[in-house]
Amino acid sequence: MVPPTASATTTTSTGAVPAAGSAGRQALDTALFQLGQAAEHLGLDDGLHRMLATPRRSLTVSVPVRREDGRMDVVQGYRVQHNVSRGPAKGGIRFHPDTDLSEVTALAMWMTWKCALVGIPYGGANGGVGVDPATLTTRELERVTRRYVNEILPLIGPDQDIPAPDVGTDEQTMAWIMDTYSVNAGYSVPGVVTGKPTILGGSLGRAGATARGVQIATMAALGDRDPAGVTVAVQGFGKVGAPAARYLADARCRVVAVSDATGAITDRAGLDVAAVRAHVAEAGGVAGYPRADALSHADLLGLDVGVLVPAALEGVLTAETAQKVRARLVVEGANGPTTPAADDVLADAGVTVVPDILANAGGVIVSYLEWVQNMQAYTWSAGEVEVKLRDLMEQAYAEVGALAADEGLTLRRAAHAIGVSRVAEAHRLRGLYP
Ligand SMILES: NC(=O)c1ccc[n+]([C@@H]2O[C@H](COP(=O)([O-])OP(=O)(O)OC[C@H]3O[C@@H](n4cnc5c(N)ncnc54)[C@H](O)[C@@H]3O)[C@@H](O)[C@H]2O)c1
């Protein structure tokens, strides 16, 4: 088996290998480890394993930005297309100070397996800018977005690579991306991004789609168990975590704790998720919500709950923090929240983990539906979108569950085995050019 190391080692714009131990490097190590496990399970030959461990295209760009006080800053941007064997590249754009090429590469690789797993005709991509959007004015943010898009323009397009929102970006960011691309093309190209405002061709149901998928995956994992009163803790109260808390409460679960970058709050009787969201809209975060107790970020992970939903960033469940987890079910709203060492700890403790590439696939499923509508210049009702989302999520869950049961695998190993095998098969059928 190929050691999953150097082939996917990436360099920064200065040519430096990202610092060992950076969050991004750890995410990439996790992604390569998972690929290695799948390659071994599937008996992939070394050459194909090496190809799948290596991104197809990686672009690092400088993004100069004029600040309001006249100063010029320069930040780094990235776009990585991991694999395009099954269709155009697809994946989010993240604005976060820690974003680096390694992180983007890991996220792009996970997107490849996710799209294959849920059976949508895309390869995997991801991009980002190493900037904290909270430190920018709206006009600065728009300038960063437009300049970044201008720099990655040769890579993206509705038939090539279709960005979507991720951490630190939203519908407005997607609208600026669509406009920048369209102005350069000379006509409107709604299909170049998904997660747009509906007035620009965004799909009904896209905003809450990832969270809806988290709810569907949670219900599937609970199986025959009555969700009424099942307690839930959600780490991260953003575009995924906040609506996931709401959908799980709608399913009669009791959401007893949520957190975001500002803090964590708990109420054993159950939080009023709508009231917490109203507080966040006003105060900028969950901290200070008056009808709950504060707790530490670390304590939220160790709460005695039925379901833990990590929905913030990568690498939060490590060998150390996983030992504190008392939930019986972990449903990964975030990408890459669990390290391989933590996976072992959780498996040994009998905790079921619904892996990211399955649990949070609702977002890319409805992104795909949005793109199909754009390419046809047609719109579907919210009900039509909901039915297609549910069908694809439930089918993927059933396939993963069946393989896991048949072969005695964790859900993560089964999900990766399915995703990687479909991409490997696409390569075999297409052959190697020239
Ligand atoms: N947006 C999507 O459609 C989508 C789809 C699939 C997967 N994801 C993944 O879901 C995760 C969250 O993405 P998002 O779009 O909701 O981003 P977001 O920026 O909307 O929200 C992130 C949330 O995490 C919180 N957070 C940051 N650091 C934290 C910490 N240390 N402890 C607790 N909370 C913390 C932030 O305050 C914020 O509430 C990411 O891993 C992303 O890749 C997102």
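**Ligand shell and domain contact: worked exercises**

The residues of the ligand's shell split into 8 nonpolar, 10 polar and 5 charged. Keep in mind that this is a predicted model.

**Exercise 1.** Work out which residues come nearest to the ligand, and which domains the shell draws on.

*Solution.*
- Step 1: start with the shell itself, which holds 23 residues; Asp 166, Thr 210, Lys 239, Ala 261 and Asn 335 come nearest.
- Step 2: look at where the shell comes from. Domain 1 (6-189) and domain 2 (209-354) each supply at least three residues.

**Exercise 2.** Find polar atoms of Arg 206, Phe 237 and Gly 333 that lie by oxygen atoms of the ligand, then say how much of the ligand's area the protein covers.

*Solution.*
- Step 1: take the side chain. Arg 206 puts a polar side-chain atom 3.3 Å from a ligand oxygen. The cut-off for a polar contact is 3.5 Å, so this pair falls within it.
- Step 2: now try the backbone. Phe 237 has a backbone N or O atom 3.2 Å from an oxygen of the ligand, and for Gly 333 the backbone N or O atom sits 3.4 Å from a ligand oxygen.
- Step 3: finish with cover. On its own the ligand has 840 Å² of accessible area, and the protein covers 83% of that.

**Exercise 3.** Describe how domain 1 and domain 2 meet: how far apart are their C-alpha centres, how much area is buried between them, and which residues form the salt bridge?

*Solution.*
- Step 1: get the spacing. The C-alpha centres of the two domains are 26 Å apart. Domain 1 brings 15 residues to the contact, and domain 2 brings 9 residues.
- Step 2: go to the area. About 870 Å² is buried between domain 1 and domain 2, with carbon and sulfur atoms giving 56% of it. On the domain 1 side, Thr 30, Arg 94 and Trp 110 lose the most area to domain 2, together 34% of what that side buries.
- Step 3: check the polar side. Between the domains there are 4 residue pairs in polar contact and 1 salt bridge. Arg 94 turns up again here: Arg 94 and Glu 314 form a salt bridge, their closest N and O atoms 2.7 Å apart.

Terms used. Residues numbered from 1 in each chain as written. Predicted model: local features only at pLDDT ≥ 70, side-chain atom pairs only at ≥ 80, totals over all residues. Heavy atoms only, no water. Near = heavy atom within 4 Å. Polar contact = N/O pair within 3.5 Å; in protein donor to acceptor, adjacent residues only side chain to side chain. Areas by Shrake-Rupley, 256 points an atom, 1.4 Å probe, with all protein chains shown as cover. Nonpolar A, V, L, I, M, F, W, Y, C, P; charged D, E, K, R; others polar. Domains from an automatic or database assignment. Contact = heavy atoms within 4.5 Å. Buried area = accessible area lost by both parts, 1.4 Å probe. Salt bridge = Lys/Arg side-chain N within 4 Å of Asp/Glu carboxyl O.
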